[in-house]
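Biologist: I'm new to this one, so could you walk me through it?
Modeller: Sure, let's put it on the screen and take your questions one by one.

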Amino acid sequence: MTTSVKEMMAAANAVVPKISPEQARKLIAERNALVIDVRDAPEVAASGKVPGAVNISRGMLDFRADPDTPYHNAELTKDRPIIVYCASGGRSALSGKLLKDMGYPEVFNLGGFKDWTEAGGAVEQAS
């Protein structure tokens, strides 16, 4: 059985709540949420990122999220909320569903980086 991007997006949006920049700021401040930028490195270098965000491109997220791989990112733990974002919200929705499927209980989709900046969110230049 095949599936389309439209179907994958619908499934992702059904299980990963979309949050506003204000809600994201609250989760970061009050619950030490981990923010993951799933854009590719050149995109992050060109525009910056949410302060403190970890850049893990969507293509590597599976490996960084799995503690049984040598590529695991130790910041990814199941005991803190995770907020994902990308350029426009599609990759972050799919990434959020992947994390939920891998057992991460609290995952939220901030949407696009532009949503963050348009709401007055601070920007950190990528290093």
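What follows is a short chat about the sheet, the helices and the pocket of this predicted model.

Biologist: Let's start with the sheet: in what order do its strands lie?
Modeller: Four strands build an open sheet, and their pairing is parallel. β2 (54-55) and β4 (107-112) stand at the edges with a single partner strand each, so one side of each has no neighbour in the sheet. Reading across, the order is β2-β1-β3-β4.

Biologist: And which residue of β3 is the bridge partner of Val-35?
Modeller: Strand β1 covers residues 34-37 and strand β3 covers residues 82-86. The two pair in the parallel sense over four bridges. Val-35 has as its bridge partner in β3 Ile-83.

Biologist: What angle do α1 and α5 make where they pack?
Modeller: Two packed helices are described by the angle between their axes and the distance between the axes. For α1 and α5, the axes are 8 Å apart, and α1 passes α5 in a left-handed crossing. Residues making the contact include Met-8 and Ala-12 of α1 and Ala-93 and Leu-94 of α5. The packing angle is about 65°.

Biologist: Now the largest pocket: which element gives the largest share of its lining?
Modeller: That pocket has a volume of about 190 Å³. The elements giving two or more residues to its lining are α1 (5-15) and α5 (90-101). Five residues, the largest share, come from α5.

Biologist: How many charged residues are in that lining?
Modeller: The lining residues are Met-8, Ala-11, Arg-58, Asp-62, Leu-94, Ser-95, Lys-97, Leu-98 and Asp-101. By class, four of them are nonpolar and one is polar. The number of charged residues is four.

Biologist: One last thing: what is phi of Asn-32 near?
Modeller: Most residues other than glycine have a negative phi. Asn-32, in the loop between α2 (21-31) and β1, has a positive value. Its phi is near 55°.

Methods: Residues numbered from 1 in each chain as written. Predicted model: local features only at pLDDT ≥ 70, side-chain atom pairs only at ≥ 80, totals over all residues. Heavy atoms only, no water. 1 Å grid on protein atoms, 1.4 Å probe; cavity = no way out; pocket = protein on both sides within 12 Å on 5 of 7 lines; lining within 4 Å. Points joined across faces, edges and corners; volume = space filled by probe spheres on them. Nonpolar A, V, L, I, M, F, W, Y, C, P; charged D, E, K, R; others polar. Pairing = 2+ DSSP bridges. Axes fitted to C-alpha atoms, helices over the stretch in contact; angles between N-to-C directions. Left-handed = near helix turned anticlockwise from the far one by under 90°. Contact = heavy atoms within 4.5 Å.
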